[in-house]
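Colleague: I'm new to this one and would like a close look at a single part of it. Could you walk me through that part slowly, and then show me how the rest fits around it?

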Amino acid sequence: MAIHHETWAFVFGLLGNVISFMVFLAPLPTFYQIYKKKTAEGFQSLPYVVALFSSMLWIYYALVKKDASLLLITINSFGCVIESIYLAIFLLYAPSKTRLCTIKLLLLLNVFGFGAMLLSTLYFTTGSKRLSVIGWICLVFNISVFAAPLCIMKRVIKTKSVEYMPFSLSFFLTINAVMWFFYGLLLKDYYIALPNTLGFLFGIIQMMLYLVYRNAKPKTLEEPTKLQELNGHIVDVVKLGTMAPSEPNHVTKSGAVTETATNV
């Protein structure tokens, strides 16, 4: 029976890798627009910084866990590479003030934040306790990421418009959460399974909202706020898919390009 569970876990993990791979590539249209216009003005780097940090966390967790962790390492390694490329392009074309803010954010979260966590877990914890501490850090971080869609759902209800919440993205993020939930459940790894339960729940709610408001007459906000989805930035083993207020890479009727953050 143990072999049977491991086999199914591998299947779900492999499917999770495939879907997560596609979600990681979701921001490509955004960066094509940035490259084409030679400017990242109006776009935010936060989703990509958070996605990079999430991938780094899960790789560290997988390396410490060792058992049945290959599929976590593969997708999150790809996540680190692609998010680094996104950020390099962003920094290349960002205005000087935005570039400086992004560098500060990277240093704060991905260098000093991750470094502090790494050193503290290496020197102050050992064995199963170390794995437990890292697992809880990953779990709490990704729950906060999955809670991000609350912002976009509030916007949909307020404006009665699903312009910034495409059904296809919500659908694939939900399926992704299902894959990683069963992967974690079958391996009895609840640090992976629990956050994805929340991801699945919010994904279902987003799709229900889409069906409710897809034909509704949109309301115009007095001061439209540009939102960007962190949830889209797949927290792989969980993702993330997305991670904070968001809106899809999208060309509005006015011709303005809005941005989508991918949902590890």
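Colleague: Let's start with cysteine 80: is it buried or exposed, and why does it get that label?

Modeller: Happy to. Keep in mind that this is a predicted model. Cysteine 80 is buried, because its relative accessible area is 15% and the label applies to anything under 20%. You'll find cysteine 80 in helix H4. What does it touch, once you leave aside neighbours within four places in sequence? Cysteine 80 is in contact with Leu52, Ser55, Met56 and Ile59. There is also a backbone view of this spot: the C-alpha atoms of cysteine 80 and alanine 51 are 8.1 Å apart, though 29 residues separate the two along the chain.

Let's step back for a moment to the whole chain. It has nine helices and two strands. Reading from the N terminus, the order of elements is α-α-α-α-α-α-α-α-α-β-β. Of the 264 residues, 49% count as buried, and cysteine 80 is buried too.

The UniProt record, an unreviewed entry, gives "transmembrane region" at residues 12-34, 46-64, 70-93, 105-125, 131-152, 164-186 and 192-213. Two of these spans can be compared with the model. Residues 12-34 are 87% helix and 0% strand, and their end C-alpha atoms lie 35 Å apart. For residues 46-64 the figures are 100% helix and 0% strand, with 27 Å between the end C-alpha atoms.

Now back to the surroundings of H4. Helix H3 covers 46-65 and helix H4 covers 70-93, and in the loop between them sits lysine 66. Its phi is near 70°, a positive value in a residue other than glycine. Unlike the cysteine we began with, lysine 66 is exposed, because its relative accessible area is 65% and exposed means over 50%.

Another residue worth a look is threonine 102, which is placed in helix H5, residues 96-124. Its relative accessible area is 1%, so threonine 102 counts as buried. Not counting residues up to four places away in sequence, threonine 102 touches Ser45, Leu87, Phe90 and Leu91.

From here, let's follow H3 to its meeting with H6. The axes of H3 and H6 come within 10 Å and cross at roughly 155°. That angle is over 145 degrees, so H3 is roughly antiparallel to H6. The crossing of the two is left-handed. On the H3 side, the residues that meet H6 are Val50, Phe53, Ser54, Leu57, Trp58, Tyr60, Tyr61, Val64 and Lys65. Across from them, H6 brings Arg130, Leu131, Ile134, Gly135, Ile137, Cys138, Phe141, Asn142 and Val145. Sorted by class, this contact of H3 with H6 has 13 nonpolar, three polar and two charged residues.

H6, which spans residues 127-146, also packs with H9, at an angle of about 5° and with the axes 8 Å apart. H6 and H9 are therefore roughly parallel to each other. From H6, the contact uses Leu131, Ser132, Gly135, Trp136, Leu139, Asn142, Ile143 and Phe146. From H9 come Tyr190, Tyr191, Leu194, Pro195, Asn196, Leu198, Gly199 and Phe202. The contact of H6 with H9 divides into eleven nonpolar, five polar and no charged residues.

H9 leads us on to H8. Helix H8, residues 167-186, and helix H9, residues 190-213, pack at about 155° with their axes 8 Å apart. This means H8 and H9 are roughly antiparallel to each other, and their crossing is left-handed. H8 contributes residues including Phe167, Phe171, Trp180 and Tyr183, while those of H9 include Tyr190, Asn196, Phe200 and Tyr210. By class, the contact of H8 with H9 has 15 nonpolar, eight polar and no charged residues.

Finally, look at the loop between H8 and H9, where lysine 188 is placed. Lysine 188 has a positive phi of about 60° although it is not a glycine. What about its accessibility? Lysine 188 is exposed, because its relative accessible area is 56%.

To return to your starting point: cysteine 80 is a buried residue in helix H4, with Leu52, Ser55, Met56 and Ile59 as its contacts beyond four places in sequence.

Technical notes. Residues numbered from 1 in each chain as written. Predicted model: local features only at pLDDT ≥ 70, side-chain atom pairs only at ≥ 80, totals over all residues. Heavy atoms only, no water. Axes fitted to C-alpha atoms, helices over the stretch in contact; angles between N-to-C directions. Helix = DSSP H or I, 4+ residues; strand = E, 2+ residues; numbered from the N terminus. Parallel < 35°, antiparallel > 145°, perpendicular 65-115°, else oblique. Left-handed = near helix turned anticlockwise from the far one by under 90°. Contact = heavy atoms within 4.5 Å. Nonpolar A, V, L, I, M, F, W, Y, C, P; charged D, E, K, R; others polar. UniProt positions renumbered as here; feature names shortened; annotations may be inferred. Buried < 20%, exposed > 50% of the residue type's maximum accessible area, 1.4 Å probe, protein only.
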